[in-house]
Amino acid sequence: MLMEGSILARAVSDAQDRLLEADEPLAGLQERCGGELPGTIAVPELLELVRKARRYGFRLARAVSAHDGGDVITAWVEVEPQGLGEGCQIVVRNWQAAPAPVEDAASVERRRTMIDRHLAELSAQLDADQRVLAVLSESTELAAVAAAMGAGFGQHWTEFLPPEKVTHKQPLHWRLLDGSRVVVPGSRRTWRVSLVPHMRPGFDPAGFELLLVSETPSVAARAAREPMEPMLRRSLVGHDLAPVLRQPISRIIANAETIRTRLAGPLPDAYAEYAGEIAGAGKLLLGLLEDLADLEVVETEGFTTAPDRVDLSELARQAAGILNVRAQEKAIVIEAPHLSETLPAVAEYRRVLQVLLNLIGNAIRYSPEGSHIWIRLESAGDRARITVADQGPGLSSEQQGKIFEKFERLGRSGDGGSGLGLYISRSLARAMGGDLLVDSAPGQGARFILDVPADPDA
């Protein structure tokens, strides 16, 4: 039986969790949340409570929150099921309203950047003068512009993505270009760019991350390629499923982040947490999809890389800058090579960056809070080496023998990794004529050494 005492409102639901009748103020809240009387319960937390009570067949009581315009409503609600296959009696005993919290501008900006990263179909790294340093895109629609940017390193990004309705002489200040609509040759969709500065306290931006985002979903199309013999097709992940799944998964993540961070409007904490769980699961799924697609590529017979003349010092600084925000969340300091250091090598630019991002990302994941990560350069005759060292738990000899194996996570079942990152990274290193090694001991951190050919003409 429901408790006796002061009751503010009563309501009745049926076996389909529809609110059949309700007193004020619950009736008004039902309507303001988009529901009707009678109609399905429109207050999410109340609907969940009623469903649980009906499903399990016993009385439940707890505080329920909902947004009512600019206020957050908190009410104590008791729900008692009326029998198998029937509805519930609902009693509201307390009702409080308080202004909804407002997120500060800096937090909103961080969330916007996070969402844009998930939606971006092309990303590029720019220097302090907004000149292109690297570009990554797997979109067939953007293949031409990505190729042009890749061949035009050192040029201002607006040479390839001209802003709409901007007649001022370039380059403009980055804040005037952030969020501007741009023209993508050959595309009928509308596009905008997001410029994320790599900031250093007290200084101007050291560089930028450019994200190209469309407000219109793409039509999933297969990548243009020569027909492959059936015997050469190891799986469908990279060739067929990855392009089709990447966009919807990214949008699920972005929409969940929008809900979690309350960019679309106020939301109770419980539902923000649910959205965070959806976003987290989506990120794991997207990461696994990317790893499986890369796995298919590196295991394709005859896979090779496109050698470039690169500076490992510059690449190390870029990778550190990209992951610096993640490191700061754990108060980890990444010590990248100094601007005065150089180490010329012959290797594919984007593949070296991919390996370094994996190594530094792993170091952040497994290092304790407040620790250091060092990135060191070494020239050894015809070899150029870059080392990523951390202060993590280290690896035993047995673990070092397994760590580069496919799907190997050394028992870390809950870390969200696929167990493919180091296997793919070593495969890429060897395809570039180098190798990836590890040097570690339990309790002494780990050192991962990427070895590639040195540039003989440097």
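In this predicted model, T113 is in contact with V196 and L211, when residues up to four places away in sequence are not counted. T113 itself belongs to helix α3, which covers residues 105-119, while V196 falls within strand β10, which covers residues 191-197. The relative accessibility of T113 is 8%, and T113 is therefore counted as buried, given that the cut-off for a buried residue is under 20%.

Strand β10 takes part in an open sheet of 5 strands, in which the order is β8-β7-β11-β10-β9 and the pairing is antiparallel. The edges of this sheet are formed by β8 (132-136) and β9 (181-182), and because each of these has a single partner strand, one side of each is left without a neighbour in the sheet. The pairing between β9 and β10 is antiparallel and rests on 2 bridges, and within this pair V182 is found opposite W191 of β10.

Elsewhere in the chain, strand β1 (residues 9-13) shows two faces, of which the covered one carries A9, A11 and S13, whereas the uncovered one carries R10 and V12. Strand β1 runs antiparallel to strand β6 (residues 88-99), to which it is joined by 5 bridges, and it also pairs in the antiparallel sense with strand β2 (residues 18-22) over 3 bridges. S13 has a counterpart in both of these strands, since it stands opposite C88 in β6 and opposite L19 in β2.

The hairpin formed by β1 and β2 has 4 residues between its strands, and D17 is placed in this loop. The phi of D17 is near 60°, which is a positive value in a residue other than glycine, and D17 is buried, with a relative accessible area of 4%. A further residue of this kind is Q130, which is not a glycine but has a positive phi of about 65°. Q130 is located in the loop between β7 (122-127) and β8, and with a relative accessible area of 5% it too is buried.

Two cis peptide bonds can also be described, each of them leading into a proline. In the bond from E24 to P25, omega is near 10°, and P25 is situated in the loop between β2 and α1 (26-32). In the bond from L37 to P38, omega is near -5°, and P38 is situated in the loop that connects α1 with β3 (39-40).

Note on methods:
Residues are numbered from 1 along each chain as its sequence is written. This is a predicted model: local features need pLDDT of at least 70, side-chain atom pairs count only at pLDDT 80 or more; totals for chains, interfaces and linings use all residues. Side-chain values use heavy atoms; hydrogens and water are left out. Buried means under 20% relative accessible area, exposed over 50%, partly exposed in between (1.4 Å probe, protein chains only). Contact means heavy atoms within 4.5 Å. Two strands pair if DSSP finds at least two bridges between them.
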